[in-house]
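Work through the exercises below with the sequence and the 3D structure open, and attempt each task before reading its solution.

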Amino acid sequence: MENKRHILILSSWYPTRIDSASGNFIKRFAVLLASRFKISVIFVKADSAIKDTEVYENREGDFHEIIVYYPKPKGVFSRTRQLARYKKSLDIAISKLDSKPELIHAHVAYPKGKEFEYVASKLGIDYILSEHSSDFSKNERLKWSKIKRQLIIQTIRKARLILPVSSLLEQEMLQVEPHFARIVLPLPVNTKLFYPNQGHVAGKPYTFLHVSGLDEKFKNVKGIVEAFYRVNQHHPHTRLTIVTDGNSLVLEDFMKSKGFDKDVEIKHDLSYDEVALEYRNSDCFVLFSEFETYSCVLVEALASGIQIITTDVGVVKSLDEKLVTIVPQRDIHALATSMEELCMGKRIVEKSDLVQAGNLFSEDHIMDRLQMIYNEVLLKSND
């Protein structure tokens, strides 16, 4: 049997005991990759609650996770000491690798781009970079410092290949650095987990669904709630479910102050299986974002075969416009009108068409593409 290629995963985002939600989709992707490759993950994190460096290792088949926690220094010269501890932690993590990886697959250029370069140089291998960050949106780019811009550009230039998760993100990245090798590669959806309900439950309320971390800077969940309230006043058989792993206190206070909490349920910290069930038990997914680099939740909605109302963000630009109802950003009236039309049975998209589109983002399809990318990059590296 042919030996599996050894790929090292580095990332600016990754779940830890300090923040279990950060980059959880990147970990899921790494675990998925281990079905075809030997996958090692290195992540280092400062922890103000410890006095000595701690190493956590997790092995599951061909998935090897190495997380190093180091004490966060305080006082004079704390930044200098933190950089020293950070580098030492990286060296410790590298020493835990079972064998030398063939390639680094890094995620998110900032803030850990220098880490990608350091580890690549230390191991004498190349890195490719998947980019997911909404940091590249125009409004966010205007806030970048000169140093941040330089670090991001350097990380992009030194990568052998860039994998933006959507064509929209690709175009935003080109505004920062106009020349780099790139292939748009979406994140996969588990179509064995996200699939449609068969049939319809008589008497069930028409349920709208929103899934996000509730970052109001981008998501405009308050707008979704307000639009739903307008619909619910005339159609009391409707419900809105909001699923989040974020802090909902601000949203809950807003809903109570406006009297918008009737028939709205917020569900916290569901398992991935439970989130998939929420899709199947819903009729329409609603996204009202200002910006999305990709929006895996839209792809999960496609695979689940439910109707979709969304702003023109992320992966939407690569979809057939007949599959989704697109509304203007911040236009609550347009959103409410579209929600009302769908709950009344107007402009319904066939479930089979939605599922077929979702299959183009299936794990097998994306993994096949990524396997070809790894092979081509390594072939060129060995020339």
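The exercises go from the overall fold to two helices, a loop residue and the pockets.

The model is predicted, so local features are described only at pLDDT of at least 70 and side-chain atom pairs only at pLDDT 80 or more, while totals for chains, interfaces and linings use all residues. Residues are numbered from 1 along each chain as its sequence is written, and side-chain values use heavy atoms, with hydrogens and water left out.

**Exercise 1. Describe the overall build of the protein chain.**

Begin with the secondary structure, which comes to 13 helices and 13 strands, taken as DSSP runs numbered from the N terminus (helices H or I, at least four residues; strands E, at least two). Next, the radius of gyration over C-alpha atoms is 22 Å, close to the 21 Å of the globule rule for 383 residues, so the chain is as compact as a globular protein of that length; the rule is 2.2 Å times the number of residues to the power 0.38. Finally, buried residues make up 52% of the 383 residues, where buried means under 20% relative accessible area, exposed over 50% and partly exposed in between (1.4 Å probe, protein chains only).

**Exercise 2. Determine which residues of helix 8 are buried and what they pack against.**

In helix 8 (residues 249-258), Leu251, Phe254 and Met255 are buried. Seen down the helix axis, these buried residues fall within an arc of 95°, so they line one face of helix 8; the arc is that of the directions from the axis to the C-beta atoms. An α-helix has 3.6 residues a turn, so residues three or four places apart point the same way. The face turned away from the buried side carries the exposed residues Leu249, Val250, Asp253, Lys256 and Ser257. The buried residues pack against helix 7 (221-234), strand 9 and strand 10 (264-268), contact being heavy atoms within 4.5 Å. Helix 8 is followed by glycine 259, whose phi is positive, near 70°.

**Exercise 3. Repeat the analysis for helix 12.**

The buried residues of helix 12 (residues 351-359) are Leu354, Val355, Ala357 and Gly358. They fall within an arc of 160° seen down the axis, so they too line one face of their helix. Ser352 and Gln356 are exposed on the other side of helix 12, and what covers its buried residues includes helix 10 and strand 12 (307-310).

**Exercise 4. Where does asparagine 197 lie, and which residues does it touch?**

Asparagine 197 is placed in the loop between helix 6 (167-174) and strand 8 (206-211). Its relative accessibility is 30%, so asparagine 197 counts as partly exposed. Leaving aside residues up to four places away in sequence, asparagine 197 touches Arg280, Asn281, Ser304 and Lys351.

**Exercise 5. Characterise the linings of the two largest pockets.**

The largest pocket has a volume of about 1,200 Å³. Of the 38 residues that line this pocket, the closest to its centre are Asn24, Phe25, Ser212, Gly213 and Asp245. The lining of the largest pocket divides into 17 nonpolar, 13 polar and eight charged residues.

The second largest pocket holds about 630 Å³ of space. Its lining has 19 residues, and Arg79, Leu83, Tyr86, Pro111 and Lys112 are the closest to its centre. Helix 2 (78-95) gives the most to this lining, with seven residues.

For both pockets, a pocket is an open set of points on a 1 Å grid over the protein atoms alone where a 1.4 Å probe fits, with protein on both sides within 12 Å along at least five of seven lines, and lining residues have an atom within 4 Å of a point. Grid points are joined across faces, edges and corners, and a volume is the space filled by probe spheres set on the points. Ala, Val, Leu, Ile, Met, Phe, Trp, Tyr, Cys and Pro count as nonpolar, Asp, Glu, Lys and Arg as charged, and the others, Gly among them, as polar.
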